[in-house]
Every structure is written in structure tokens, then in C-alpha cells.
Amino acid sequence: MKILVAFKRVIDPDARIKLTADGSAVNTESVEYKANPFCENALEAALQIAEEHDAEVVLVTIGGDDTEQTLRAGLAMGAARAIRVEVEDQQLDSDLAARILAAVYKEEDDVDLFLLGKQAVDGDNNQVGQLLAEYLGLPQACFASEIEIDEDGEEATVTREVDGGLETIAIQLPGVITADLRLNTPRYAKLPDIMKARRKTIDVMDLDDLEIEDTELKVEVVRLEEPPKRQAGALVESVDELVGKLKNEARVL
Amino acid sequence: MSNILVIAEHHAGSLKKGTLAAATLAKQLADKVGGGFDFAVIGGGVDGVVSELQGYGAGSIYVVDGPAFADYLAQPHTKALVAIAEQSGASYLVSTAGTTGKDLMPRVAAAIGAGMVADCVGLAEGDELLFKRPMYAGNVIAAVRCKTDKTVVSVRTSEFDTVEKTGGESAVVAVAAEPGEVGARFVKFDATESERPELTEAEVIVTGGRGLKDGPTFWNMMNPLADALGAAIGATRAVVDSWEEVPNDMQIGQTGKVVAPKLYIAVAVSGAIQHLAGMKNSKTIVAINKDADAPIFQVSDYGLVADAFKVLPELTEKVKAARG
């Protein structure tokens, strides 16, 4: 089996996000980057499948060479190799990212599964896996909390976290699965694996290699602003005071 | 013929209220670009849903109804929605940003070559049509431009009121659609067993955080309060990540559910940014936490600095008394 895993770096999700003075972008000065948490869930799932089914796990990222540190972290977790699609100044939207990943899929032979995080915690779009599946004409199972691959590696049974409960569907492989948080707990890389990861291959391709000529964005960010701040209210001293205010002031009881 | 298509979300034969909030965005869109809206319904045996949609001012209600569409699967539903969009001639396809909308709409966007705006929270002021949407766990609101002829939008329904009935009958139009090649099959749906209202539809929500010690304690503390209030129970990401007894679909926050009830009571919740993004539009927010510096107090209307274990039983009793 061969499993591709989309692996994106994002600004440390626990860091405070600041805008540049003109509000045109997020201030990236002295920010730290980490792997997108959902991508780590996707990679962990791929590694677990690989342990059972003898699969090659290949990371794919899109970005400049400063993304290689994140790729090395994924390689240290256990991926066999990585592909970086070089885009330096090119802005991306979900659609272009999906078209690039679709081109990588076609470039790689015999891919059985494309695993992605359900969303990246920077853009929060939750689109790329679904777009990719449509572009490749493959079935999809999004927001996975459990994945089981049958013995022949031909079908994946996936439990999906949906509104109001858990849905189980079975998809034929090759297919696209996006990971939700509860899918697993990503492993920590051990020191020897971190050393080993330094020697693993990162292949670099550019958009010409992938024959992507149309780099026009479909959706473009025009400006950013901070959300309106909510006014902090008063502290109450006791349960009695709280219940009184809820009943008589807010009138919600 | 209307230019905006609102995709109805329904489950077990009844309409989900979020659909009517998505219709509000459609109306705002119509105010800006002109035109009006239609509804689209896809499923197997959806007559009930169609009649629920009558009276809201839609031009038409387009329906794909058949056994091949009875269970939601992304591929056949994409085909059905594309067929409806072609017939209605819509320029804007609008759905809720529930899990079905999130699953389906990007596929539809790819199929028709449209750009997609996810989780729309409103339209920007000004002449140009720009959609507002949250990024970075709600820490940033972006104004985005969709440059394609057709635009797909999923709507964060907690940001919109539902449309009011205006009376009048919408024409029901049956649309023929083929499911196409389907590489997936539905196996089962396990509904969250709960007597309580669904989180995204609840008027009162009580949410417990990591301060509640462990899973069993979480339920022992939250159940009586929720009973007293007729509330839904939510949880923080830390809780659903750590305690098996609390399922993930109870998670409120940027990566979970986004809610805006009339009353939101956060118990032993510190108020991580990603949690605040999921609840800060609630009308009245109450925070109970023993740490006076917890960020949750910065968004709460009423804060009580206290140990949840000490005050929750008292609160439960007094809420019961106050509600008579």
C-alpha cells in the first residue's frame, strides 16, 4: 500500500495571533511554526495503518524550504519520505492547494489512500480533502474518528464525527479520508528517529513539474480585522446574586 | 428564477432549523446583488421537509427525491446538487456549515468550478460583495472576495436569526438526477443518545471544563444542572480529548461546534481562545471558575469566582426554585 499524507505547517496554535499594522496580513515576525494538529492525526493514522498493512507513508507539503523543518518532524514520527511542492510567493487558496495535491497524487504511482487533516488551524477552511476527492473522482470520508482497512486493502470503514452522532461509511480505495481529533493521539518522535529523519529524502517539485499552469485563486483574502471584543461583565458574590441577576436582569430563567 | 439556492439540511424526515438561518444570509445576499432565493432538498422521501419549507418566500423548492439519495453520501449528493444548480441557474449556492454542508459543499464547488467561502459570518459593508469569515480559531475575521462566476457559501448559522414566515406558496420542482459512480456505502448512524436538545439548536447550554476532575465527575456535576435548566451539555476540547466518557460531538469551540444560545453557563472552563471562538456570541454568558484570572471572565456577563464543586449543587437547586 501507499499512503499520501498532506502535512501543513501553521503558526503555533497556542500563540496569540497579531495582525500587521495595516491589517493586510497576520504578523509572522518571530512566530513559531508547528505541524497542523489535524495533519498530525492524519499522519498517526497512516503510520498505524502502515504497521498493519505494510504501507509506505509519504508526506506532502506545499511551501518554501522553510517548511522542511516541519517535514523533518513528520519524518521523525515515521513517514518514509516527503515531497515538497515549491511555491515561494504564490498565494494559495483551498482550491489551488487541492489541485496541487491532486497533481502529486497523479505523479505518484499506485496511491491507495490520501489522508489529510479535516482542517488547518490557520485558514480553518475545512475544504481541501473534499475538493481533492472531487478533482480525483474518489470517494471521501471526512471527519474520521476511526479507520479500519480491510485485509486486501480495498475498502476502508470509517466512523465519522457528524452532528448528532457517529456515522459509519465504507469507502472503496483509493479514497480520501480527513482526520478529526479523536482519531488518535499522535506519537512523539524518539531521538534516534529524529536522527534517522535527517537522512530521509525530501523530493522537491515545482508547479511546472506538476504541469499546473492555472494559479489563479478562486477566493482571495482582501483584508483582515480583529473580531469585535465582547465587554466583560460584572463579578457576582454568591449563587443567590447570580440567580437573581439571571432571573431579573438578563431574564433568561 | 432566483439566483440564490439554499440547500436544506434535514435529518430523519425533519428540517434542521439552521437551514432557515442560512436563508437569512441568502436574503442579505439578495439585498446586495439583487434577485431572490430558492430552496433545494435532496433525500429519499422528503415530502415532509418540502412542506416545512413552504411560506418562507422562496421562489421555488427544487427537489431530488429517490432511494439513491436516502442516506447522505458525498458523491451522489454532489451530483444531485449540481443537477439542481444547473436547472435553477443559481449563481450562489448556500448551505449551513454543519457537518453535512462542510462535507458536501467543497465537492460541489470543485464540480462546478466555483470558489467556496467556508463558515461565512456575514457580508462586509460597502458596495463590493465581500464575505466575512473567521480564521485562526476566530482570532481574525477575514473579508474575502470570490472571483468565480458561481460562488459556494457555507454559513455559520449561529451568527444569523432564522427567516420569518412571509406566507405564500413556493412552487415545488422535481429535478431528475443520477447518483453517478458511488465508491462509498452507508453502514450505520449511531445517534448520540440524549434526552437533551441538540447543541446547535439549544437555547440554554451548560459546558464543563477540565476543572471537573474526570469523566464520571463531569456527568455527576453537569447532569443535574442541565436537567434544572432544560439545557444541552457541552464540553471543552481538553475534556473530550482526555475523558473517554465525554464524546467528541459535545465539543464546543473552533474545532468543534459553534453555538450561540440565549444562556451559556461555563463551569470550570478556563476559556482557551479556541473555546471562546465557539461560544462568545451567546447572548448571556455565565462563568464559574475558582481562578479569578481565567480568560473566560473576560467574555462573561456574570462571573462567579468559586469552586464549582461547592457551588454547583446550590446553583442547581436555586435555578430549580427560580424556574418554579
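This is a short chat about how chain A and chain B meet in a predicted model, and about the build of chain B.

User: Anything I should know before I start?
Analyst: The model is predicted, so local features need pLDDT of at least 70 and side-chain atom pairs count only at pLDDT 80 or more, while totals for chains, interfaces and linings use all residues. Residues are numbered from 1 along each chain as its sequence is written, and chains are lettered from A and ligands numbered from 1 in the order in which they are written.

User: OK, how many residues of chain A are in contact with chain B?
Analyst: 65 residues of chain A are in contact with 73 residues of chain B. Being in contact means that the C-beta atoms, placed from the backbone, lie within 7 Å.

User: Which element gives the largest share on chain A's side?
Analyst: That's β9(A), with eight residues. Strands are DSSP runs of E, at least two residues, and helices are runs of H or I, at least four, numbered from the N terminus.

User: What does β9(A) pair with?
Analyst: Strand β13 (residues 184-191) of chain B, in the antiparallel sense, over seven bridges. To pair, two strands need at least two bridges found by DSSP. In β13(B), B:Arg185 is the bridge partner of A:Ala170.

User: Switching topic: how many helices and strands does chain B have?
Analyst: Eight helices and 18 strands.

User: And what does its C-alpha trace span?
Analyst: For chain B, about 60 × 45 × 40 Å along the principal axes.

User: How much of chain B is buried?
Analyst: Buried residues are 58% of its 324 residues. A buried residue has 20 or more other C-beta atoms, placed from the backbone, within 10 Å of its own.

How values were computed. Two residues are in contact if their C-beta atoms, placed from the backbone, lie within 7 Å. A residue is buried if 20 or more other C-beta atoms lie within 10 Å of its own, exposed if 12 or fewer, and partly exposed in between; C-beta atoms are placed from the backbone.
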